[in-house]
Amino acid sequence: TYCSFDIDFIDPSYAPGTGTPVCGGLSSHQAMSIIRGLTGINLIGLDLVEVSPAYDVGEITALAGAHIAMEMISVFAAKPEFK
């Protein structure tokens, strides 16, 4: 499985620094919970897209993106061959 996470999936109140902000998205906590739920899948690659520093108020989006990337890497590291 390849996991691609688009930051504009998160509500702009939590991640305003994206090229396509859309109201009604998830909170950053909800997004990280979903990613944690992927533990156990055969993850072969991952990416995080659409973080736009030029639109990032107070580096909120960059911080959310860093935490989401860390959660994705944790899912990757939890694969059986890494244990």
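1. Start with Ile68. Leaving aside residues up to four places away in sequence, Ile68 touches Phe5, Ile7, Ile10, Ala31, Met32, Ile35 and Leu48. This is a predicted model, and the points below should be read with that in mind.

2. Ile68 belongs to the largest nonpolar core, which has 12 residues in all. The other members are Cys3, Phe5, Ile7, Ile10, Ala15, Ala31, Met32, Ile35, Leu43, Met72 and Val75. At least two residues of this core come from each of strand S1 (2-6), helix H1 (28-36) and helix H2 (60-77). In soluble globular proteins, nonpolar side chains tend to be buried together.

3. Next, the secondary structure. The protein chain has two helices and two strands. Along the sequence they follow the pattern β-α-β-α.

4. How much of the protein chain is made up of buried residues? Of its 83 residues, 33% are buried. The protein chain exposes about 4,800 Å², and 63% of that area is supplied by carbon and sulfur atoms.

5. On contacts: take those in the protein chain with a separation of 6 or more. Residues 24 or more positions apart account for 73% of them.

6. Finally, the overall dimensions. The radius of gyration of the protein chain is 13 Å, which agrees with a compact globule, because a globule of 83 residues would have a value near 12 Å. Measured out along the principal axes, the C-alpha atoms fill a box of roughly 40 × 20 × 20 Å.

How values were computed
Residues are numbered from 1 along each chain as its sequence is written. This is a predicted model: local features need pLDDT of at least 70, side-chain atom pairs count only at pLDDT 80 or more; totals for chains, interfaces and linings use all residues. Side-chain values use heavy atoms; hydrogens and water are left out. A nonpolar core is a set of buried Ala, Val, Leu, Ile, Met, Phe, Trp, Tyr and Cys residues joined through side-chain atoms within 4.5 Å. Buried means under 20% relative accessible area, exposed over 50%, partly exposed in between (1.4 Å probe, protein chains only). Helices (H or I, at least four residues) and strands (E, at least two) are DSSP runs, numbered from the N terminus. Contact means heavy atoms within 4.5 Å. The radius of gyration is taken over C-alpha atoms; the globule rule is 2.2 Å times the number of residues to the power 0.38. Accessible areas come from the Shrake-Rupley method with a 1.4 Å probe; for residues, only the protein chains shown count as cover.
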